[in-house]
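Reader: I have a structure to study, and I want to know what stands behind each label. Can we go through it by question and reply?

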Amino acid sequence: MENNHPSVVTTLLSSADTRLDVTNSNGWTGLHWACYNNKVSVITVFCSDARCTPAILNMKDRRGRTALMGAVEQGHLETVQEMARVKGTDFSTVNSEGQTLIEVARQQKHAEMLQFLGNVRKMGKHYFVSQLRTLKEIAAFNIAKHITCESDAEKLEIPPVTISLVTMFIGTHSVTMLMNS
């Protein structure tokens with residue numbers, strides 16, 4: 001998977017004996033490798049296989065990271081966008097440290113990834129909003145419903161970290177959040 005040969009992956013997947021849930025010693029599946037290495041064409045082939053169920057898509061490695069979380073951690077926006085097109089991908093996942101996708105992207109300073117995860121995107125027939133998992137994210141989203149610009153958020157007497165979350169959600173309040181779409 002890491003060498004980006006979709007034709008080889010197609011050949012492997014053509015065998016009924018090929019198992020998608022096989023992992024290495026770190027708990028990585030082929031999908032983990034493809035997402036970590038930003039191999040979008042391989043991800044497309046892998047995820048189109050009928051055996052690629054939500055259980056396979058959302059398998060966690062020894063550190064509690066799904067393939068999607070590995071892509072977020074590495075800043076592979078194209079991979080995350082492709083995974084958003086795949087029905088059953090869990091955008092509410094948390095790792096063993098309890099970090100959400102947004103928290104991982106923020107920790108790694110991936111600004112474009114944060115923007116993508118924080119906004120609703122129309123991806124084919126599927127819509128998603130990164131799932132709000134922490135009380136801070138829920139509070140920030142609800143505050144953002146009632147303000148229209150970043151300067152309004154800065155006037156509030158709330159911690160700076162919450163202000164940054166609020167500004168991320170400004171403008172998303174008119175969208176209906178679809179849980180587990």
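Reader: What makes the link between the side chains of Gln-99 and Asn-95 a polar contact?

Author: A polar contact is a pair of N or O atoms within 3.5 Å; within protein, one must be able to donate a hydrogen and the other to accept it, and residues adjacent in sequence count only if both atoms are side-chain atoms. The side chains of Gln-99 and Asn-95 are joined at 2.9 Å. That value is within 3.5 Å, so the pair is called a polar contact. Keep in mind that this is a predicted model: local features need pLDDT of at least 70, side-chain atom pairs count only at pLDDT 80 or more, and totals for chains, interfaces and linings use all residues. Residues are numbered from 1 along each chain as its sequence is written, and side-chain values use heavy atoms, with hydrogens and water left out.

Reader: Which other side chain makes a polar contact with the side chain of Gln-99?

Author: The side chain of Gln-107 does, at 3.1 Å. Gln-99 sits in the loop between H6 and H7. Helices (H or I, at least four residues) and strands (E, at least two) are DSSP runs, numbered from the N terminus.

Reader: Why is Gln-99 called buried?

Author: Buried means under 20% relative accessible area, exposed over 50%, and partly exposed in between (1.4 Å probe, protein chains only). Gln-99 has 15%. That is under 20%, so Gln-99 is buried.

Reader: Which residues is Gln-99 in contact with, leaving aside its neighbours within four places in sequence?

Author: Contact means heavy atoms within 4.5 Å. By that rule Gln-99 is in contact with Met-69, Thr-93, Val-94, Val-104 and Gln-107.

Reader: What makes Asp-49 buried?

Author: Its relative accessibility is 15%. The limit is under 20%, so the label fits. Asp-49 is in the loop between H3 and H4. Its side chain makes a polar contact of 2.8 Å with the side chain of Arg-51. Beyond its neighbours within four places in sequence, Asp-49 is in contact with Leu-13 and Leu-20.

Reader: Which residues of helix H3 are buried?

Author: Helix H3 covers residues 40-48, and its buried residues are Val-42, Ile-43, Val-45, Phe-46 and Cys-47. They pack against helix H1 (6-13), helix H2 (30-36), helix H4 (54-57) and helix H6 (77-84).

Reader: How do you know that Phe-46 is buried?

Author: Phe-46 has a relative accessible area of 4%. That is under 20%, so Phe-46 counts as buried. Its C-alpha atom is separated by 9.1 Å from that of Ala-34, twelve residues apart along the chain.

Reader: Why is there no disulfide between Cys-47 and Cys-52?

Author: A disulfide is a pair of cysteine sulfur atoms within 2.5 Å. The sulfur of Cys-47 has its closest cysteine sulfur in Cys-52, at 4.3 Å, so they are too far for a bond. By this rule the count comes to zero disulfides. Both cysteines are buried: Cys-47 has 13%, and Cys-52 has 9%.

Reader: What is unusual about the phi of Asn-38 and Lys-109?

Author: Most residues other than glycine have a negative phi. Asn-38 has a positive phi of about 60°. Phi of Lys-109 is near 60°, also positive. Asn-38 lies in the loop between H2 and H3. Lys-109 lies in the loop between helix H7 (101-107) and helix H8 (111-118).

Reader: Why is Lys-109 called exposed, and Asn-38 partly exposed?

Author: Lys-109 has 72% relative accessibility, which is over 50%, so Lys-109 is exposed. Asn-38 has 25%, between the two limits, so Asn-38 is partly exposed.

Reader: How many cavities of 30 Å³ or more does a search of the whole structure find?

Author: One. A cavity is a set of points, on a 1 Å grid over the protein atoms alone, where a 1.4 Å probe fits but cannot get out; lining residues have an atom within 4 Å of a point. The largest cavity has a volume of about 40 Å³, the space filled by probe spheres set on the points. Its lining is Trp-28, His-32, Tyr-36, Asp-61, Arg-65, Thr-66, Ala-67 and Gly-70. H2 and helix H5 (67-74) each give two or more residues to that lining.

Note on methods
1 Å grid on protein atoms, 1.4 Å probe; cavity = no way out; pocket = protein on both sides within 12 Å on 5 of 7 lines; lining within 4 Å.
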